[in-house]
Amino acid sequence: MSTRVAGRLQLNERHHRAALGLFLVVVIAHWAEHVVQAIQIYALGWPIPQARGVLGLVFPWLVTSEWMHYGYALIMLAGLVMLRRGFTGRSRTWWNVALGLQFWHHIEHLLLLLQALSGTNLAGRPVPTSVVQLLIPRVELHLFYNAVVFAPMVVAMLLHRRPREAERSVMRCDCALRTA
C-alpha cells in the first residue's frame, strides 16, 4: 500500500474525528466572516464596499481577491472529498449532498476567478459575476451558499455520530458515540 493511500485511510479511520473537528472550525470561521459582513450591512448600515467582515477590516484586499475566495472554495471542496470515505449509510448520503452543492459553489468561484484574470465579465457586468449572482446579490448569495452546504454537512456529522447498528458495523473510525 502506498504512503498516500495509507495516509488517506488514516484520515478516515484513526484521525477522522479530529480531521472533522478541524474542518468544522475552518467552516465555522468562514461562516462567521459572512455573518459579520451581513451584520455590518444590515444591522450597522455600512455600505457594501466597507462591509468586509473581520479579516477584511485588517486586510481589505482579501475581500476583493478572487484568488482568496476561490482558494477557500477549493479547500472546502477538498475537505469534503478527503473526509467522505469515513462516512457510511445515511451520513454518507448527506455528506454527498454537501459535496455536490460545494462542487457547484466551487464552479461559481472558478467562473469569478477566470473573469478577474481575463478582465472579461459575465453579461457585460462591471465586476466578475457568477451565474446565480445574475439573480441574487453577492452578499446574500454567499450567505445562501454557505447555508446550503453547511446544513447537510451538519446533518451528516450528527448522523455519523449516532449511526444505526448496520452503519456502525461498517464504520472504520471511532466517531460514533458509545451506546449504553
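Q: Where is Ala-123 placed in the chain?
A: Ala-123 sits in the loop between H6 and H7. The model is predicted. The backbone here has a positive phi of about 55°, although Ala-123 is not a glycine.

Q: Why is Ala-123 called exposed?
A: Its relative accessible area is 60%. Exposed means over 50%. Ala-123 therefore counts as exposed.

Q: What makes Gly-71 partly exposed rather than buried?
A: Gly-71 lies in helix H5. Its relative accessibility is 22%. Buried requires under 20%, and exposed requires over 50%. The value falls in between, so Gly-71 counts as partly exposed. The C-alpha atoms of Gly-71 and Asn-121 are separated by 20 Å, with the two positions 50 residues apart along the chain.

Q: Which class of exposure does Pro-60 fall into, and why?
A: Pro-60 belongs to the loop between H3 and H4. Its relative accessibility is 37%. That lies between the 20% and 50% limits, so Pro-60 is partly exposed. Gln-50 is 10 residues away along the chain, and its C-alpha atom is separated from that of Pro-60 by 8.8 Å.

Q: How many disulfides does the structure hold?
A: The structure holds zero disulfides. Cys-173 is in none, and the nearest cysteine sulfur, in Cys-175, is 3.4 Å away.

Q: Why do Cys-175 and Cys-173 not count as bonded?
A: A disulfide needs the two sulfur atoms within 2.5 Å. The sulfur of Cys-175 is 3.4 Å from that of Cys-173, its closest cysteine sulfur, so the distance is too far for a bond.

Q: Are Cys-173 and Cys-175 buried or exposed, and what makes them so?
A: The limit for buried is under 20%. Cys-173 has a relative accessible area of 13%, so it is buried. Cys-175 is at 1%, so it is buried too.

Q: What makes the pair Phe-23 and Trp-95 tilted?
A: The ring centres are 6.3 Å apart, and the planes stand at 55°. Rings pair if their centres lie within 6.5 Å, so the distance qualifies. Planes under 30 degrees would be stacked, and over 60 would be edge-to-face. At 55° the pair is therefore tilted. The pair links distant parts of the chain: Phe-23 is in helix H2 and Trp-95 is in helix H6, 72 residues apart. Both residues are buried.

Q: Why is the pair Phe-144 and Tyr-145 placed in its angle class?
A: Its centres are 6.2 Å apart and its planes are at 45°. That angle is neither under 30 nor over 60 degrees, so this pair is tilted.

Q: How do you know which exposure class Phe-144 and Tyr-145 belong to?
A: Phe-144 has 45% relative accessibility, between the two limits, so it counts as partly exposed. Tyr-145 has 5%, under the 20% limit, so it is buried.

Q: How many aromatic pairs are there, and which residues do ring pairs link into a cluster?
A: There are four aromatic pairs. Ring pairs join Phe-23, Phe-87 and Trp-95 into a cluster.

Q: What lines the largest pocket?
A: The largest pocket has about 910 Å³ of space. It is lined by 29 residues, and the closest to its centre are Gln-37, Val-63, Thr-64, His-69 and Arg-138. The elements giving two or more residues to the lining are H2, H3, H4, H5 and H7. H2 gives the most, with six residues.

Q: What is the lining of the largest pocket like by class?
A: The lining has 14 nonpolar, 10 polar and five charged residues.

Q: Which residues does UniProt list as "transmembrane region", and what does the chain do there?
A: The unreviewed UniProt entry lists residues 67–83. Over residues 67–83 the chain is 100% helix and 0% strand. The end C-alpha atoms are 24 Å apart.

Q: How many helices and strands does the protein chain have?
A: The chain has eight helices and zero strands. From the N terminus on, the elements run α-α-α-α-α-α-α-α.

Q: What are the spans of the C-alpha trace, and what share of the residues is buried?
A: Along its principal axes the C-alpha trace spans about 55 × 40 × 30 Å. Of the 180 residues in the protein chain, 38% are buried.

Notes:
Residues are numbered from 1 along each chain as its sequence is written. This is a predicted model: local features need pLDDT of at least 70, side-chain atom pairs count only at pLDDT 80 or more; totals for chains, interfaces and linings use all residues. Side-chain values use heavy atoms; hydrogens and water are left out. Buried means under 20% relative accessible area, exposed over 50%, partly exposed in between (1.4 Å probe, protein chains only). On a 1 Å grid over the protein atoms alone, a cavity is a set of points where a 1.4 Å probe fits but cannot get out, and a pocket is an open set with protein on both sides within 12 Å along at least five of seven lines; lining residues have an atom within 4 Å of a point. Grid points are joined across faces, edges and corners, and a volume is the space filled by probe spheres set on the points. Helices (H or I, at least four residues) and strands (E, at least two) are DSSP runs, numbered from the N terminus. Ala, Val, Leu, Ile, Met, Phe, Trp, Tyr, Cys and Pro count as nonpolar, Asp, Glu, Lys and Arg as charged, and the others, Gly among them, as polar. UniProt positions are given in the numbering used here, feature names are shortened, and annotations may be inferred rather than shown by experiment. Rings of Phe, Tyr and Trp (its six-membered ring) pair if their centres lie within 6.5 Å; planes under 30 degrees apart count as stacked, over 60 as edge-to-face and the rest as tilted.
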